[in-house]
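Hi,

Here is the structure I promised to pass on. Have a look at it first, and then read my notes below.

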Amino acid sequence: MSKTPHIVCYGEILWDVFPDGKKLGGAPLNVALRLHSFGANTSIISTLGKDALGKTTLKTLKEKNFPATYIQQSKRPTGQVTVTLDSTGSARYDIQKDAAWDYIAATPEAIEEVKKADVFVFGSLALRDTYNQAQFEALVTEATYTVFDLNLRDPHYDLDVVLPLMEIANCIKLNDEELELIVTLLDLEKETLEEELKAVAKATNTDTICVTLGPDGAMLYHNKTIYTQVGFPTKVVDTVGAGDSFLAALIYGLVSEQTPEDSLEVAAAIGSLVAGKAGANPVVTNNEIDELLDSY
């Protein structure tokens with residue numbers, strides 16, 4: 001793809017509430033903002049409250065020159081998530097219920113935006129309730145190429161919803177714990193990770209599946225070939241958003257016709273750099289990426 005990729009993300013916009021304050025987040029927005037920083041033509045379909053936090057969100061996005069064209073507004077509150085970090089920087093999430101992003105309408109404008117896009121990215125969290133599930137159908141059926149980030153947050157998912165989403169996706173991203181859950185559920189346990197990825201790809205009829213392995217890197221199954229990438233050492237501040245930036249870099253690389261090896265390596269590097277900074281959307285410069293890649 002020689003032209004600038006047009007990528008639409010769908011789902012929650014929320015504020016991560018840390019002990020020391022609030023930071024803008026939500027997995028689809030994290031992916032969208034990172035793609036925007038790469039120069040992709042990126043938008044997000046979501047809903048904010050008409051409250052002070054919603055206004056702050058729109059102001060923040062404007063400061064980042066990120067378009068809010070397809071962000072709707074609701075009388076329900078802008079989403080918030082209480083984040084608890086353990087001693088290693090790994091995060092646990094207490095997610096507010098009945099938030100504005102639980103009510104994302106498939107407006108004619110949103111449907112048209114999905115039709116025009118090269119890639120449509122979504123996760124499971126925004127599909128936790130029936131309203132969005134019904135509205136989502138009108139959007140995803142218009143997508144040319146779909147990327148599904150499982151992003152399972154207990155108890156905010158239903159595997160009866162997740163499995164059909166895997167079957168309609170062209171590309172699936174999940175972490176190692178999610179992979180083990182899926183292979184157990186589908187009775188696809190194998191002796192090696194490579195065999196499990198291939199088995200899930202066959203069961204879901206998906207050409208591209210990537211599993212992130214925390215500090216151990218990642219593995220990608222793409223067009224019947226396995227690619228592996230070791231992790232980049234980092235002093236973890238918090239893991240919030242690291243997987244989202246990883247996914248953004250991987251998608252951007254693959255749709256920009258970079259090699260799978262290069263796409264996976266850059267994705268792992270960016271994920272590591274984000275984990276070494278506070279919050280889901282820290283600034284990561286090209287120099288930082290190049291220096292990390294050159295050092296290994």
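Let's begin with Asp98, which counts as partly exposed because its relative accessible area is 40%, and partly exposed is the class between 20% and 50%. Before going further, keep in mind that this is a predicted model. Asp98 sits in the loop that runs between strand S7 (91-95) and helix H3 (108-116). Its backbone is worth a look too: phi is positive, about 55 degrees, although Asp98 is not a glycine.

Which residue does Asp98 meet in a salt bridge? The partner is Arg76, with 3.6 Å from N to O. This pair links distant parts of the chain, since Arg76 is in the loop between strand S5 (71-74) and strand S6 (79-85), 22 residues apart from Asp98. Arg76 is partly exposed as well, at 33% relative accessibility.

**More salt bridges**

The structure holds six salt bridges, and here are two others to find on screen. One joins Asp118 to Lys3, where the closest N and O atoms are 2.8 Å apart. Asp118 lies in the loop between H3 and strand S8 (119-123), while Lys3 belongs to the segment before strand S1 (6-10), so this bridge ties together parts that are 115 residues apart in sequence. Are these two residues buried or exposed? Asp118 is buried, at 17% relative accessible area, whereas Lys3 is partly exposed, at 48%.

The other one is between Asp149 and Lys173, whose closest N and O atoms are 3.7 Å apart. It too links distant parts of the chain: Asp149 is in strand S9 and Lys173 in strand S10 (residues 171-175), 24 residues apart. Both Asp149 and Lys173 are buried.

**The overall picture**

How many helices and strands does the protein have? There are ten helices and 13 strands. The radius of gyration is 18 Å, close to the 19 Å that the globule rule gives for 296 residues, so the protein is as compact as a globular protein of that length. If you turn the C-alpha trace along its principal axes, it spans about 50 × 40 × 40 Å. Of the 296 residues, 52% count as buried.

**Backbone details**

Asp98 has some company: Lys224 also has a positive phi, near 70 degrees, and is a residue other than glycine. You'll find Lys224 in the loop between strand S12 (218-222) and S13. Lys224 counts as exposed because its relative accessible area is 72%, and the cut-off for exposed is over 50%.

Next, look at the peptide bond from Asp154 to Pro155, which is cis, with omega near 5 degrees. Pro155 lies in the loop between strand S9 (146-149) and helix H5 (159-168).

**Charges and one more loop**

On the surface, Asp176, Glu177, Glu180, Asp187, Glu189 and Asp216 form a negative patch. Within that patch, Glu189 is in the loop between helix H6 (176-185) and helix H7 (193-204), and it counts as partly exposed at 41% relative accessibility.

Finally, try Asp238, in the loop between strand S13 (225-229) and helix H8 (242-255). Why does Asp238 count as buried? Its relative accessibility is 3%, and buried means under 20%. Asp238 and Thr4 are 234 residues apart in sequence and 31 Å apart in space, C-alpha to C-alpha.

Have fun exploring!

How values were computed:
Residues are numbered from 1 along each chain as its sequence is written. This is a predicted model: local features need pLDDT of at least 70, side-chain atom pairs count only at pLDDT 80 or more; totals for chains, interfaces and linings use all residues. Side-chain values use heavy atoms; hydrogens and water are left out. Patches are made of residues with over 30% relative accessible area and no salt bridge: like charges are joined within 9 Å, nonpolar side chains (Val, Leu, Ile, Met, Phe, Trp, Tyr) within 5 Å. Accessible areas come from the Shrake-Rupley method with a 1.4 Å probe; for residues, only the protein chains shown count as cover. A salt bridge is a side-chain nitrogen of Lys or Arg within 4 Å of a carboxyl oxygen of Asp or Glu. Lys and Arg count as positive and Asp and Glu as negative; His and the chain ends are not counted. The place of a charge is taken as NZ of Lys, CZ of Arg, CG of Asp or CD of Glu. Helices (H or I, at least four residues) and strands (E, at least two) are DSSP runs, numbered from the N terminus. Buried means under 20% relative accessible area, exposed over 50%, partly exposed in between (1.4 Å probe, protein chains only). The radius of gyration is taken over C-alpha atoms; the globule rule is 2.2 Å times the number of residues to the power 0.38.
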